[in-house]
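Visitor: I am new to this structure and should like to learn how to read it, one feature at a time. May we begin with a single residue and then widen the view?

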Amino acid sequence: MNPDLSRYSCQMALPGFSEAAQILLQQAKVLIVGAGGLGCPAAQYLTGAGIGMIAIADYDTVSTSNLHRQILYTPADVGSKKVTVAIQRLQQQNPGIEIIPLDIKVTSANITELIKSYHIIVDCTDNFETRYLLNDACVLAGKPVIYGAIYQFEGQVAVWNITNANGSKTPNYRDVYAQVDATQIPNCADGGVIPTLAGIIGCMQANEVIKYITKMGELLAGKMLVFDAYTLQSRIIKIGNTTKTNITGLTATIDVEEINVADLKKGLAAGNLELVDIRTEQERDEIDIGGMHIEMDELEDNLTYLNNGKTKVLYCSSGKRSGEAVKSLTQKWPELNILSLTGGLKAWFGV
C-alpha cells in the first residue's frame with residue numbers, strides 16, 4: 001500500500017472501495033457553505049476521509065451559544081472567526097489535505113465565482129436566503145448539492161441536482177420548497193435544537209459526499225431523508241426522478257440595515273432611536289430590554305408607528321428574525337427607517 005494512503009486503510013478495506021476510490025477522494029474539491037452545527041461535523045469527517053481539497057465559506061464569529069453543537073470550537077474561541085478556527089483544527093486533524101478558509105458573506109454578486117472551482121457543494125447554511133441562492137446558482141452551474149437542515153428534534157438530508165442517465169436533472173430544493181416565508185420560521189437560536197442532531201445530520205451529509213465522489217451506494221437523489229431525534233425514527237420521502245423547476249437566474253440578495261449594541265446604546269441615550277421587540281409574548285415575559293412590543297406577524301399592521309419619523313431598531317433573541325423582518329418590510333416599503341439589532345439579545349447580554 002502507498003504509505004500516503006496508510007491512514008485510510010480501514011475505509012479502503014471496505015468491499016468495493018479499494019485504492020482507486022481513495023484516489024478519487026484525494027482528487028475531489030468540496031465546498032462547505034456554513035461552519036456551524038452542520039458544517040463542523042461534515043468538515044471533520046470529510047477531512048478525516050481524505051478529501052483532497054476542502055473550502056469552508058462562513059463570515060460569522062463564534063459565540064457562547066454555538067458551543068453546545070458546533071464541536072470544532074471551545075470557549076477560548078468565542079469572538080474569533082469561525083473559518084479561522086475551523087481551518088486550524090481541521091488542518092491539525094489531517095495535514096495531508098488542502099483546506100481553504102473563505103471568510104465571506106455569500107451573496108448573489110459572488111456566488112457564481114465562489115462555487116466555480118468545486119466538484120460538489122455542501123449546504124450547511126442556517127438561513128433561507130443563502131439556501132435558495134446556493135441552490136439556484138448550483139442548478140445554473142450544473143453542480144450537485146448535499147443539503148442538510150435541522151430544527152428542534154428534526155433533521156433533513158437530500159442530494160440535489162444530480163445528472164440522470166438520460167441527461168435530465170434530479171430535483172432541487174425548489175422542487176420541495178418553492179418559496180418559504182423566512183419571517184414565519186424561527187431558526188435554531190430562537191426555536192432551539194438538540195445538539196446531537198447537528199452531528200447526525202452533518203455526518204449524513206459527509207456520507208453522501210463520499211458516496212457521490214466514489215460512485216458507491218445509492219444517493220439520496222430524488223428523495224429526502226427525514227430524521228426525528230426525539231423518537232429515533234426516520235423516513236425517506238420520494239420526490240421524483242426529474243426536476244419540475246425552471247431556474248433561469250439568481251435573485252439579488254438584499255443587505256439588511258443593522259446596528260451593533262454599542263451604537264444602539266449611544267442612539268438610545270441620545271434619544272435618536274426607539275426599540276421594537278418582535279418576539280412572542282412568552283419570550284418578552286421572560287426577559288426584555290424595553291421598547292414597543294409588536295410581534296413579527298403584526299408588524300405590517302403597525303406601519304404608521306414604524307414610519308413616524310424616528311428610527312426603529314427591531315430586536316429578537318439572536319438577530320435572525322429581526323433581520324428577516326427588516327428585509328421583508330423594506331422590500332415592500334423602502335421609505336421605512338428601520339434597523340435590526342445585530343446578534344439580538346444574545347449580543348446585548350454578551351451571551
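Guide: Certainly. This is a predicted model. To place a residue, one begins with the elements on either side. Thr-74 sits in the loop that connects β2 with α4 (82-93).

Visitor: Is Thr-74 buried, partly exposed or exposed?

Guide: Burial is read from relative accessibility: under 20% is buried and over 50% is exposed. Thr-74 has a relative accessibility of 30%, so it counts as partly exposed.

Visitor: With which residues is Thr-74 in contact, beyond its neighbours in sequence?

Guide: One sets aside the residues within four places in sequence; Thr-74 then has contacts with Leu-67 and Arg-89. Distance in space may also be set beside distance in sequence. Ser-63 and Thr-74 are eleven residues apart along the chain, and their C-alpha atoms are 9.6 Å apart.

Visitor: How should I read the sheet to which β2 belongs? In what order do its strands stand?

Guide: One reads the order across the sheet and then the sense of pairing. Here eight strands make an open sheet, in the order β3-β2-β1-β4-β5-β6-β7-β8, with mixed pairing. The edges are held by β3 (98-102) and β8 (233-238); each has a single partner strand, so one side of each lacks a neighbour in the sheet. From one strand to the next, the twist averages 15 degrees.

Visitor: How many bridges join β4 to β5, and in which sense do these strands run?

Guide: Strands β4 (residues 120-123) and β5 (residues 145-151) run parallel and are joined by three bridges. Within this pair, Val-145 of β5 stands opposite Ile-121.

Visitor: Which strands of this sheet does helix α3 touch?

Guide: For a helix on a sheet, one notes the strands it touches and the angle between directions. Helix α3 (residues 39-49) packs on the sheet and touches β1 (29-33), β2 (53-57) and β3. The directions of α3 and β1 make an angle of about 165 degrees.

Visitor: Let us turn to the other sheet. What is the order of the strands in the open sheet of five?

Guide: That sheet has the order β9-β13-β12-β10-β11, and its pairing is parallel. At its edges stand β9 (258-259) and β11 (292-293); each has a single partner strand, so one side of each is without a neighbour in the sheet.

Visitor: How many residues of β12 are buried?

Guide: For a strand, one examines each face in turn. In β12 (residues 311-315), five of the five residues are buried. One side carries Thr-311, Val-313 and Tyr-315, the other Lys-312 and Leu-314, and both faces are covered.

Visitor: Which strands pair with β12, and over how many bridges?

Guide: Strand β10 (residues 273-277) pairs with β12 in the parallel sense over five bridges, and Leu-314 is the bridge partner of Val-276. Strand β13 (residues 338-341) is also parallel to β12, with three bridges; there Lys-312 has Ile-338 as its bridge partner. Further along the sheet, β10 and β11 pair over two bridges, again in the parallel sense. In that pair, Asp-277 has His-293 of β11 as its bridge partner.

Visitor: Which helices lie across these strands, and at what angles?

Guide: Helix α10 (residues 261-270) lies across β9, β10, β12 and β13, at about 120 degrees to β10. Helix α13 lies across β12 and β13, at about 165 degrees to β13. Together, β12, α13 (residues 320-332) and β13 form a right-handed β-α-β unit.

Visitor: Which backbone angle deserves attention in Asn-161 and Leu-232?

Guide: Consider phi. Asn-161 is not a glycine, yet its phi is positive, about 65 degrees; Leu-232, likewise not a glycine, has a positive phi of about 60 degrees. Asn-161 is in the loop between β6 (154-160) and α7 (173-176), and its 3% relative accessibility counts as buried. Leu-232 is in the loop between β7 (223-228) and β8, and its 67% relative accessibility counts as exposed.

Visitor: What is the picture for the protein as a whole?

Guide: The protein has 14 helices and 13 strands. Its radius of gyration is 22 Å, close to the 20 Å that the globule rule gives for 351 residues, so the protein is as compact as a globular protein of that length. Buried residues make up 47% of the 351.

Terms used: Residues are numbered from 1 along each chain as its sequence is written. This is a predicted model: local features need pLDDT of at least 70, side-chain atom pairs count only at pLDDT 80 or more; totals for chains, interfaces and linings use all residues. Side-chain values use heavy atoms; hydrogens and water are left out. Two strands pair if DSSP finds at least two bridges between them. Helices (H or I, at least four residues) and strands (E, at least two) are DSSP runs, numbered from the N terminus. Axes are lines fitted to C-alpha atoms, for helices over the stretch in contact, and angles run from 0 to 180 degrees between N-to-C directions. Contact means heavy atoms within 4.5 Å. Buried means under 20% relative accessible area, exposed over 50%, partly exposed in between (1.4 Å probe, protein chains only). The radius of gyration is taken over C-alpha atoms; the globule rule is 2.2 Å times the number of residues to the power 0.38. A crossover is right-handed if, with the strands pointing away from the viewer, the path from the first strand over the helix to the second runs clockwise.
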